[in-house]
Amino acid sequence: MSYSIRTAAVIGSGTMGAGIAALLAGVGVRVSLLDLAAEGTRPGDPPQARNALVLRNLDALARARPAQLFTAADADLITPGNLEDDLDRLAEADWIVEVVVERLAVKRGLMSQIAAVRKPGAIVSTNTSGLSIHAIAEGLDEDFQRHFLGTHFFNPPRYLKLLELIPHTRTDPALIDFMAAFGRDVLGKGVVVARDTPNFIANRFISLVNSATIAYAIEHGYTVEEVDALTGPLIGRPKTATFRLNDLVGVDVAAHVSENLYPALADDPAREVLRHPALIALLDRMIEQGWLGNKTDAGFYRKTVVEGERQFWPLDLQTLTHVPPSKVRFESVGRHRNIEDTGARIKALLGESDRAGQFLWAMHAFYLSYAARMLGVVADDVVSIDRANQWGFGHELGPFAIWDAIGVAESIPRIEAAGHPVADWVNAMLAAGCPTFYRRDAHGRADGYYSPAAGGYVDLAGDPKQVSIAGLKAAGKALDTNAGASLIDLGDGVLLLEFHTKANAIDEDIVKMAYRGLERLETGYEALVIGNQGAQFSAGANLFLVAMLAQQGQWAQLDGMIRLGQELMQTLRACPKPVVTAPFGMALGGGAEITMAGTRVVAHAELYIGLVEFGVGLIPAWTGAKEMLRRNVNPIMTVPNADVLPHLQKVFEQVALAKVSESARQARGMGFLGPADRIVLNGDHLLAEAKRAALELAAGGYVPTLPGKIWAAGRDALAALRLAVWQMREGGYASAHDATIANRLATVLTGGDLSEPGWVPEKYILDLEREAFLSLAGEPKTQERIWYMLQNGKPLRN
């Protein structure tokens, strides 16, 4: 049969259940969110009373930060209910997701209720994090079992990439294919198929590897800070590293998971790390003290305020007291931390014999040995194990990719010497003439992986919607490059302008390469895409350069820098061939301005975009203020008798408060994206979708957008905005310098002291932008703000 999901029901409205409902609503799926009827109520009582539990959890969902809803309007697609009064709603659902307490008896009882009301062919899944899928479905009818599986989301569902699908023996294979495609293409997830074993792939790994890591640290006298310094970005992992991750998850939660996992892993000798005596004693003591992690402001780190400054004091693992933070230094880390390639960096670190090298080797020896032993137990291939670890926890490399990087054959004796067995199939792989787990092509790209069942390499299926910039460069597709940017041939007549400065800050090199891209468009190319695959799209203009020029009074050079940026944005907009921007993550200041300079935006759903210059004492001057007027005010002023002030105030507040969107959907409401711009849930597909949009524009008789007119509201609107600024200043909500910046911004957004409102050329607003920027850059308090931001990474209020 064919499958589709237009309506869903989520049973269980806690953090995870509500988060799944929010994700589904964010992609346009209508959701019934059900939970227990409120205690003390009876059938026939008002729905508000009966559904109090769900309503309370939906309220928490709406207030959660980071935001779980893409926009507040998504909540309208979620209908609350309860299992006593509204169970019949399940008959309408294409997909029913169970997210209740992790007790087998409870889940089995609920599945019997679902089976009685679901429509034939409806998909049913459990979000269990480790219970047997087979056991949950056992005894239910054939149609139910064919359409039943595990769908293990990671919390929070909107943000974490991994989705584990767990079939049982009777699950329809076509359903797994459909859910994999739905998870990948609609929900934007990295999908891995796991075997029906305790805790599946990712949670099993994190439980055992983290336990082994902490136990080794206790035994060998490593501090919390040392371990986190070694197990975070240094080896391609998030800043939460080891102990901060435990505080995030919850010390009690981690202990509970380990306690339940141990008896379930009767056939796994490695399970003994879960009951390491020193580890158990530590966790028991912490739980006894109420040190449960972030939720109690104390765990492996205690949140402390010292002389008005917030500090995080680490737990001394020997004395079990929280101590002042200290600097962690290892000689080997200093030697190797700047190696750009993560695999090469790990190899260099593991080759060291100091305390850092010893710790990292002990950690990796267990990790790699365990990964090999788990092949055929938790997953059918090395790719799934690697991806589960990467996507589940934000690791750059999975265990098999790491093992390839450090050398498989040469590391085996050392792993065994550390007391960890190496699976027989690894030695068989080497004996078969396969030196690595991944086969790589002439350009270094993985195109196959070793399969013990096949006795050799099998092809690695690629995702046709995924573009790899590194792969394109390896294949010789880079046409031009400098220190700040590259031009790359995306194929089919489309160019890619890639930024690669620090934080992708826009500098002169990027501007030069952009103009070279525009020139190349005249040599047979059809369109230009602006995008990259860095950590963020762009943090804006080079603020350090602005600070230096202002401090040295080099006003002509600063004026030239602003003009250069304005001219580039205007030239991109007026380009005779389509320019598509592909923003994601942070797109701030100049990053927001170049986003808006394209013909079309194809944005990742997780887009945090804003004109944030106010925070450093400046205003947008690379067309940002002008674009906000063009997008938010101009359309209104084509309507007879329209009142400009509410729309102007919206723009003013957005810029003056340095508002940043919490999603691409929200960015559309702020004016950064237009009605025709697209939003992509799967970030891996972003560049391919941007390329597709560019080709569609090129094939559709593309006509560029030439500079037009901007509505200037004039002196009456300026007076209204200045009054608002004065009120904020008098009320103590703004400093004197805030008022200075705000009044400059008001002048730009209204066109200044014009006696009558009316349409003015875009250049008129751009000149005002530039003049205001230069004037503010000369203010000592603005320069203080800029330097404070550069030195501390946060705004100064002066």
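**Exercise 1.** Over the face of which residue does arginine 244 lie?

*Solution.* This is a predicted model. In it, arginine 244 lies over the face of phenylalanine 312. The distance to the ring centre is 5.6 Å. Arginine 355 lies over a ring face too, that of tyrosine 222, at 4.2 Å from the ring centre.

**Exercise 2.** Classify the ring pairs that tryptophan 425 forms with phenylalanine 400 and with tyrosine 450.

*Solution.*
- Step 1. Take phenylalanine 400 and tryptophan 425: 6.0 Å centre to centre, with 50° between the planes. The pair is tilted.
- Step 2. Take tryptophan 425 and tyrosine 450: the centres are 6.1 Å apart and the planes at 5°. Planes under 30 degrees apart count as stacked, so this pair is stacked.
- Step 3. Place the residues. Phenylalanine 400 lies in helix H17 and tryptophan 425 in helix H19, so their pair ties together parts 25 residues apart in sequence. Tyrosine 450 lies in strand E12, and its pair with tryptophan 425 also ties together parts 25 residues apart.
- Step 4. Check burial; the cut-off is under 20% relative accessible area. Phenylalanine 400 has 0%, tryptophan 425 has 13% and tyrosine 450 has 4%. Each counts as buried.
- Step 5. Widen the view. Ring pairs link these residues with Trp403, Phe437 and Tyr457 into a cluster.

**Exercise 3.** Work out which strands stand at the edges of the sheet that holds E11, E12 and E13.

*Solution.*
- Step 1. The order is E11-E12-E13, in an open sheet with antiparallel pairing.
- Step 2. E11 (438-440) and E13 (456-459) each have a single partner strand, so they stand at the edges.
- Step 3. The twist averages 40° from one strand to the next.
- Step 4. Three bridges join E11 to E12. Arginine 440 has alanine 446 in E12 as its bridge partner.

Methods. Residues numbered from 1 in each chain as written. Predicted model: local features only at pLDDT ≥ 70, side-chain atom pairs only at ≥ 80, totals over all residues. Heavy atoms only, no water. Pairing = 2+ DSSP bridges. Helix = DSSP H or I, 4+ residues; strand = E, 2+ residues; numbered from the N terminus. Axes fitted to C-alpha atoms, helices over the stretch in contact; angles between N-to-C directions. Phe/Tyr/Trp six-rings, centres within 6.5 Å; stacked < 30°, edge-to-face > 60°. Buried < 20%, exposed > 50% of the residue type's maximum accessible area, 1.4 Å probe, protein only. Lys NZ or Arg CZ within 6 Å of the ring centre and 35° of its normal.
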